[in-house]
Structures are given as structure tokens and as C-alpha cells.
Amino acid sequence: MPGSSGLLDYSPRRNVTYFSNRYVLGLTLAAGIGGMLFGYDTGVISGALLYIRDDFEVVNKSKFLQETIVSMALVGAIIGAALGGWVNDAYGRKKATLLADIIFAIGSIDMCVAPDPYVLIFGRFLVGLGIGIASVTAPVYIAEVSPSEIRGGLVATNVLMITGGQFLSYLVNLAFTEVRGTWRWMLGVAALPAIIQFFLMLFLPESPRWLFLKQNERVKAIEVLAKIYDYNCLEDEIDQLTVASEDDYQSKNIRFWDVFKSKEIRLAFLAGAGLQAFQQFTGINTVMYYSPTIVQMAGFHSNRLALLLSLIVAAMNAGGTILGIYLIDRTGRRRLALTSLSGVIISLCIISGAFFMQSSGASLCDAHILNGSCKSGSGWLAIAGLALYIAAFSPGMGPVPWAVNSEIYPEAFRGVCGGMSATVNWLSNLIVAQTFLSLAAAVGTSVTFLILAGVAVVAFVFVLFFVPETKGLSFEQVERLWKEKAWGSEYGSRSLLEEGNQNQS
């Protein structure tokens, strides 16, 4: 681009596709195992808890213990995400992943052999700690080994591993229902993929961008970059990394409070943390944690049918994420999020309307019950609303927050800001999980879903005004974009976006 600064001198790249570099794809899948552990634990506890109550009478008699067993993993994840950013920056993405695997495996084995519910709760905390660290590390590692043209799709692969892990957990729950020591197998088997990832990561490289910041590790960084980019692109990448490494940010020993000292970092963190919060407050884990309950609320009283429909919901969630991988680097992050939220708003209104018909006397199940199933059209309307919700949410608001957070922060802030925004996600997750049923009991299911629809409207406005498009931009171009938003520049955001689109060609 004539007259542009060195930071924006970016030669057009060849047409890079998702499958064009098997080395990068292999790194992505190996790092994504952490996402699978995240998803598996989210789903498996709902089935395991049924059998834990049978084994421990004290748990069966105490709702508090049941809630603690479920939520302690979220508590651990909040702490793990908060610490994970610091571990990533101080010791690297690879060591952070290895640490997460060790903690997760120990926690899984602890749960498998737990003699009482209190040891089980400690294991749940350890598992959550590992998940929290992995939730920060995997997206950042994947983003830093990805060419900018396909970075969104590759980071979204980690979300696919999360949704795939949720689906796998439902299958495992069904597989071990007739096996002796049911819940111990359900919870303990998760140690296996953590151990597999640990040994895979021993043979995989550190993030080249993290290595490049270490003066004595630049040769290693270039060796890794050479496997990711062709010769011409490699030269561009090294030039940009050299410029970035000389930035004043890199000389700082970054702390949490440093995030709020710089206007451009504050703006980036607002966008990233806001997306993470809205991902949860628009209700996704309401659906994932309580889909069997929601199905039964709609009048489908058969446990077997409720579990089957929940399995279908999990499969749709994974399938929608695959669509998101295809779209995120084609339509862009911002447009995909806005389209996704539009569908979420409509679907939540449909669900709310179905439950309003129930509460106003037009019963969802009126005398047409066959084999424990509700045959009312309004009941099916509620289920259709759930299906539409998953179809709208999973390609957009599922992967977009993680993709955006992996790419919008400068190198020196990427671990800290990623950890802080992931902590916001887990805190929001915990709030939603702990309040949905209570809120539904207090104001009614219809009003509860209407509130979620209102939150989705706010989220739409937030994305519209605070989240810029980063499709096709290098990390350095994204950093320049935030500086322009904060302070203004001779180069407008439009030129950055145009240049990013040129890089796609």
C-alpha cells in the first residue's frame, strides 16, 4: 500500500485454505483436545450425578452437595482462566497446555477413585482448574500458528472440539449406564485424552510468536514459521514480528492493571470481554445444561424422549460449529455474530411465546398424551424454538467470541487479556447455571426466555458499535486498528479492511 507505514506493508498472500497446510491443521487438532475436555466435562456431569446420588446417600439428601459437585468445576475454571493468562505469558503456550493436562488428569483420576463426595468435589475443582487454563491457552496457541487468512476457522475448530466433547459425553453417559461403577467410569475416562494431549504436546513446537519475543529463541521461531508460510510470506511475517517485538509494549512486565492504562487496550478488552459475557448471557448453557428440563417443561414428560432430544441438540450444536468454521473467514466475525444474534432473538421469542401459551391456559399438553409424549402443536413449537436457537447460535456466537479474543490483543497482552476475558466467560457461565431454574420459578419460564431475548438485543447493539471486523488482518494490523480507534490516524479503518480483503485474494 503506497505511503503506508512498515507495520501495514503487507504483501498479498496466496490463496490459503483450511486444509492446505496439514502441519498447521495437526497443531490445531492437538491443541484442540483441550477444548474437547472442556466440552466433555460440561456434559458428562449431568448423567454422572444421577448415579453419584445412588452411591452416596448424603448427596442424595442434600441439594447443596449436588449443586456443589456440579458448580465446583466452574469455580476451578474461573481461577484457572484467571491464572492461565499469566502462565501463558510467563512460560509459554506449550507449558501452559502441559500443566493443564497434568491437573486435569489428576482431577479425573481423583474423581474416579473418590471414597466420599468431598474427595469428589476436590477432583471437580482440579478438573475445572485444568479446563480454565486450557480455555485460555488453546485458542491463543491455535491463533498464533495460523495464517491470518484461515485463523478464524482454525480457532473455531477448538469450539468444534468443545461441542464435540459435549456430544461425546452424552454418548459415554449412555454407554456406561449398565457398567459397574457407572459414574466413576464416566468421570475417570476423561483422563485418557488429557494424557494423550500431554504426550503429543511434548513433540510439538512452542508458539512461534511467543518464541520470537525471546531474543535467544528467534531461530526456533523462524524454523516453526517456515513450516507455516511459504518463502515470500515468511519474509513478511518475520519483518512484522521484528517491528512488533520492538514496540514499547514488549518491554513491559505486563500485569492485570496495565490493561486499563492504555485506551486502545481498554477498547480491545471491552470488545473481547463483552463478547464472552454475551455468549453466556444469551442463554447457550441454559440450553446445554438444562435441555432435558426444558423439554419436559414443554410437556414432553418421558425421560427417554427428553434425553434423546437433548442428544439431538448436542449434535446440532456440533454441526452448526462446522458451518461456523466455513463461514467465519468468508463472511467475517462481525457479520456472522450479528446474523447469529438475529436468529437467537427470534428463537428465544418463539420459545417464550410457546411457554406463554401454556401459562395462559392453552396447555402445551392438553389431553393428547401418547407414551408419555406431548402431542400438542405448542409443545412442538417450543422444541422448534430450541432447534432454531442452536442453529442460529452455534455457527456465530459459539466460535466468534473465542476467535476474536485470540486475535485482538497485542502480543504482550494476549495472555493476560485472554485470561481475563475467559474468566468473564466462566463467571457469566456460573451465574447463568445457578440462576436459570430459580428465575424461571420466580417469574415464569416465558418471561425468563423473554429476558434472554432482551439480552440478545443488547448484545446485537454491542457488536454493532464496539466490535470491529478483523477478517483477514494480521495481528499487527489489528493492533494498528485499535490505535486508530483510540487516537485517530492518517490511515482509516476502511483501508485496513480493504487490505485485509486483498490478503484473501
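These questions and answers walk through part of a predicted model.

Colleague: Which helix gives the most to the nonpolar patch?

Modeller: The patch covers about 530 Å² of surface. Its members are Leu270, Val457, Val461, Leu464, Phe465 and Phe466. Five residues come from one helix, spanning residues 445-466. That is helix 19.

Colleague: Where is leucine 270 found, and is leucine 270 buried, partly exposed or exposed?

Modeller: Leucine 270 is found in helix 12, residues 263-281. Its relative accessible area is 37%. Buried means under 20% and exposed means over 50%, so a value in between has its own class. Leucine 270 is therefore partly exposed.

Colleague: Is threonine 470 buried or exposed?

Modeller: Threonine 470 lies in the loop between helix 19 and helix 20. Leaving out residues up to four places away in sequence, threonine 470 touches Arg151, Arg333, Glu407, Ile408 and Val478. Its relative accessibility is 1%. The cut-off for buried is under 20%, so threonine 470 counts as buried.

Colleague: How many residues of helix 20 are buried?

Modeller: Helix 20 runs over residues 475-487 and has 13 residues. The buried ones include Phe475, Val478, Leu481 and Trp482. Charged residue types appear too, among them Glu476, Glu479, Arg480 and Glu484. The helix is mostly covered, and the buried count is 10 of 13.

Colleague: What does helix 20 reach from its first C-alpha to its last?

Modeller: At 1.5 Å a residue, 18 Å is expected. The model comes close to that value. Helix 20 reaches 18 Å.

Colleague: Which residue just after helix 20 takes a positive phi?

Modeller: The phi there is about 80°. The residue is glycine 488.

Definitions and conventions: Residues numbered from 1 in each chain as written. Predicted model: local features only at pLDDT ≥ 70, side-chain atom pairs only at ≥ 80, totals over all residues. Heavy atoms only, no water. Patch = residues over 30% accessible without salt bridge, like charges linked within 9 Å, V, L, I, M, F, W, Y side chains within 5 Å. Areas by Shrake-Rupley, 256 points an atom, 1.4 Å probe, with all protein chains shown as cover. Salt bridge = Lys/Arg side-chain N within 4 Å of Asp/Glu carboxyl O. Helix = DSSP H or I, 4+ residues; strand = E, 2+ residues; numbered from the N terminus. Buried < 20%, exposed > 50% of the residue type's maximum accessible area, 1.4 Å probe, protein only. Contact = heavy atoms within 4.5 Å. Expected span 1.5 Å × (residues − 1).
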